[in-house]
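Okay, thanks for coming, everyone. Let me put the structure up on the screen so we can walk through it together.

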Amino acid sequence: MASNASPVPGFTFIQELGGIKEYRLNSNRIRVLLVEDNSVPVAGCMVTYHVGSKNEATGYTGATHLLEHIMFKGSERFNKELGTSMDSLMESKGAIINATTWFDRTNYYEVVPRDVLPLAIEVEADRMRTAYITEEGRAAEMPIVRNEFERGENLPMEALEKEVWAAAFTAHPYHHSTIGWRSDIEGVSIERLQQFYNDFYWPDNATVTIAGSFDEKQTLAKIKKEFGRHPAKATPYPALYTTEPVQQGERRVRVERAGVNMVCLAHKIPEATHVDVPALMLLGSILFEDKTSRLYKAFIDTALATDVSTYCWQFQDPSIFETFVTLTPKTTHEKAETVLRKEYQKIIESGVTAPELARAKQAARASLAARQDGPYALLSSLNEEIATGDWTRFVTLSDTLAAVTRADIQRVAKLYFTSKTSTVGWFVHTLS
Amino acid sequence: MNPITQQITEVELKDGTRIFIAPTGAKNIVTIEGSVRGGWSMLARSKAEAALIAAELLDSGTSTKSKDGIHEALGKRGASLSFKDGADRTFFSGSCFPEDLLFLLSLISECLADAIIPAPDVISAKTRALGDLEESATDTRTQAAGALSRLLYDKTHVNYMETTKNRIQNLTAIARADVVSFRKSLSREGLVVAIVGDLETSKARTAAEKAFKTLPKGVGISLEERIHQGTYIVSETLVPINDKANIDTYFGTTIPFTYDSPEYLPFVTLSSMLGGRGLSSGHLMRTIRERDGYTYGIYAQQVGFLEKTQGAFRIWATFSPATFTEAVAATKKEITVFLKKGMTEDALSLKKDEMIGNYLIGLSTTRGLAGMLHTIGVEGKPLSYIDAYPSLIRAITLSEVQNLSPLLAPENLSLAASGTFPKQ
């Protein structure tokens, strides 16, 4: 595409797909996505950094997330000393301001009344390179993050999930959860966090997304003025070259403590952009989406379980497909695991029916429509696609899902639901 | 800005039922939020769980549709529908593609009027519900919230939460006849429906009229005023649960007015000044979290303000076991500091801006707008309230807020906490 397609000089227009326009700022290569919708006087600004907990190692697990917290402590132009702290400036306008961290990415966002959007862009641009990453900030934020960790530990499913991922991944950094190990949260040094910031928080490692009600030309000009102050990184980004070795046998973990009785069955699946993922997504829906789904009938209708959930995770690197089953009081772990495996086996052996696939596709269609219900939903969904390395999935997924056949579903079930690549987790409620 | 109500139509079908229809810029999604009169407060305490089981089974078959038929019809259309029990109302919530609106509204109506509550499903639903209750026995947040309600309310009050043990006993004794009897009490009485999203008003109106005209007329359930009885005694209770890394903690007190009171919006504002959710929007987040690092989150909430009901104020926080005692003391101290020094004209002005901006953002999704319209319907407010809210907030004065501050004094707050407590 020609660079003169941009309404503001200095940007290269890359493409437009599904109402989303992609630009790149020539001076520092920051990517910009614009999704205009003037039906409500609300806008959202989000910066997605291509850094997550997979960029951590032992000793500083949880660093990406701890750094995300410290990023709210102030920056050169927006800080308490000047009376311009970002949270008070934004929140006093009614803005929703927050950030999240996951394996592959960290995102910072503001959902604001339309006229506050320029301020949101200023805030995000300023903290990209001038955030106060200080020992004072680390010391203040560490116990807050530790309490967030403790909250998660109170939840049986979160505790079990950490153990399942840790067993499923022995080499790849998806091994540790994004919140990190408690001792690393407590012990990571400010120097390590500063290095992390300086390694990854650069414009050419970020995507700015603006959604909702805004003027395209004014907004691009504002982005150029604010983010254009920063140069691209002069040195290479740290390479992540660890791949998970092929799993050669079933792995099992147990968590024994007060909580609930729960079974998790996980299998290795490929990265989000792999051609098999749409079929795996629909397989997940056929297993558990609504009251017609197979695991609802096998577990909920029969009262073997109080709850079932399936997750076809879509990350930048190969991950896992998980099913969690929360047991009713008289159901044993052995029974639940047997029933779950039997349901998987039925699909491997006999495939799925045409009405099942049709329902799964309709559910996916509804889910994709809900991703655009307001600026926050859009930003949040687009963020995950940006994190996979291909934001256009946000638009193309509907077509790839529509093209999935019953044969595809059976093939991926056979290919990925194998004992050798599985990890089984039991949460065993104890009265201790 | 154009009034929000400009695009919204309110329709009264019969007997004061209220239907709100709001076309928005959303594409390919229609969201429905609604409710009818009828909830567990209308049953004897020992039978209250019948409302829970009924809500669970309203979509499990009618005299003309099988359970599988209903679920497959929803699935075929990518539509969702769920029912939930409440104290005074049974709620429904759903979404669909625009072309399926009549189908979904008709199904809601049919389920409310004609659900057959199959016997095998009652057994299954009871087993699952008992499992949920067993699970909740080790859930620190649920246990702390329940314990606080028992400190604040007498046993007859609608907001008094039974212990998990009592609920298990009551649920075990529920028979299908109890569930069927409750279901039969549901009618068009108190019907409020908000339909929001990718729709044409005239088509949605026709669909709503057609769907809900078959709902039977109710018997005229009247709610009595629920005011706090007797003398409220400030007290504390700890609910120990093994193996927990975090302590869920509630501070709370009763509030002597309802949402109809002129004091209510100043009270909401005061509550938000003390315990707003953002990093800087509440005094407790600024101090107990950001300054002292005692918690990931500490938030003030208004709870239990049902129709004609005096509710409560509570603060929810999570604390580490190692610092629980000092965190509780620090929280009480900061409440005192706030009540003495935190209520200023500047702070109130900022809070008003925040509440108004946040309100408008909340209406930017179909779910947010539908939820607001449903609340307006349930609370008996005029549709114009949706536009009037910002000016009502703007009109709140500092003295109105200050006059309410004695209600939140630490010496009036009870405490309930659950987790693994450090040995003394």
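I'll talk about the domains of chain B, then about two loop residues.

One thing up front: what you're looking at is a predicted model.

So, chain B. The domain assignment splits chain B into domain 1, residues 4–212, and domain 2, residues 236–419. Their C-alpha centres sit 27 Å apart. The two domains do touch: 33 residues of domain 1 of chain B and 37 residues of domain 2 of chain B take part in the contact.

Let's look at the domain 1 side of that contact. Which elements give two or more residues to it? In chain B, those are β2 (18–23), β3 (30–37), α5 (140–152) and β6 (192–197). The largest share comes from α5(B), with nine residues. By type, this side of domain 1 of chain B has 18 nonpolar residues, ten polar and five charged.

Okay, on to the loops. Generally, most residues other than glycine have a negative phi. Here are two that go the other way.

Over in chain A, find the loop between α10 (294–300) and β10 (305–312); A:Ala303 is in there. Its phi is positive, near 60°, and it's not a glycine. Is A:Ala303 buried or exposed? Buried, because it has 21 C-beta neighbours inside 10 Å, and the cut-off for buried is 20 or more.

Back in chain B, B:Asp243 lies in the loop between β7 (236–240) and β8 (247–254). B:Asp243 isn't a glycine either, yet its phi is positive, about 65°. B:Asp243 has 19 C-beta neighbours inside 10 Å, so it counts as partly exposed.

Key: Residues numbered from 1 in each chain as written. Chains lettered and ligands numbered in written order. Predicted model: local features only at pLDDT ≥ 70, side-chain atom pairs only at ≥ 80, totals over all residues. Domains from an automatic or database assignment. Contact = placed C-beta atoms within 7 Å. Helix = DSSP H or I, 4+ residues; strand = E, 2+ residues; numbered from the N terminus. Nonpolar A, V, L, I, M, F, W, Y, C, P; charged D, E, K, R; others polar. Buried ≥ 20, exposed ≤ 12 C-beta atoms within 10 Å, placed from the backbone.
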